[in-house]
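New to this one? Take a look at the structure below, then use the notes under it to find your way around.

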Amino acid sequence: MLRPKIPTMPTPTGLATPPAVVEPTTITPTTAPPSATQPTPASSRPTVQLTPGTVLALVGGGTAVVLVVGAVLVSMLLAVAVTGVSVAICALVIRSLVHADAKRR
């Protein structure tokens, strides 16, 4: 039911002609007379002009990124600290329960 079908190569139907033989030709280099002055190409990239408004926007954006990343890192540190404290409290409670149970026997 799930057998792969292997494609078969089609057989050529017409007469097969051998490829034409291409003979190499010799290349004779020609030297062009050098031009006296070559014009310098104009830069196609536009120049970036920073106005006071764009500088203020860049500084504001950078400050926002730093504040967001800082808030995320502080919240992760706080989550780790709260988890560590709760695990320590659970360990103390379990230890005291086991110790009190051992005293009664």
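Here is a quick tour, from the whole chain down to one residue.

Keep in mind that this is a predicted model. Its secondary structure is quickly told, with one helix and zero strands.

**The whole protein**
- The protein has 105 residues, and buried ones make up 0% of them.
- About 11000 Å² of surface is exposed, with 71% of that supplied by carbon and sulfur atoms.

**The helix**
- Helix α1 covers residues 52–104.
- From its first C-alpha to its last, α1 reaches 78 Å, which is close to the 78 Å expected for its 53 residues at 1.5 Å a residue.
- There's hardly any cover on α1: zero of its 53 residues count as buried.

**A nonpolar patch**
- Val65, Val68, Val69, Val72, Leu73 and Met76 make a nonpolar patch of about 550 Å² on the surface.
- Val65, one of the patch residues, sits in helix α1.
- Is Val65 buried or exposed? Val65 counts as exposed because its relative accessibility is 51%, and the cut-off for exposed is over 50%.

Definitions and conventions. Residues are numbered from 1 along each chain as its sequence is written. This is a predicted model: local features need pLDDT of at least 70, side-chain atom pairs count only at pLDDT 80 or more; totals for chains, interfaces and linings use all residues. Side-chain values use heavy atoms; hydrogens and water are left out. Patches are made of residues with over 30% relative accessible area and no salt bridge: like charges are joined within 9 Å, nonpolar side chains (Val, Leu, Ile, Met, Phe, Trp, Tyr) within 5 Å. Accessible areas come from the Shrake-Rupley method with a 1.4 Å probe; for residues, only the protein chains shown count as cover. A salt bridge is a side-chain nitrogen of Lys or Arg within 4 Å of a carboxyl oxygen of Asp or Glu. Helices (H or I, at least four residues) and strands (E, at least two) are DSSP runs, numbered from the N terminus. Buried means under 20% relative accessible area, exposed over 50%, partly exposed in between (1.4 Å probe, protein chains only). The expected span of a helix is 1.5 Å times one less than its number of residues.
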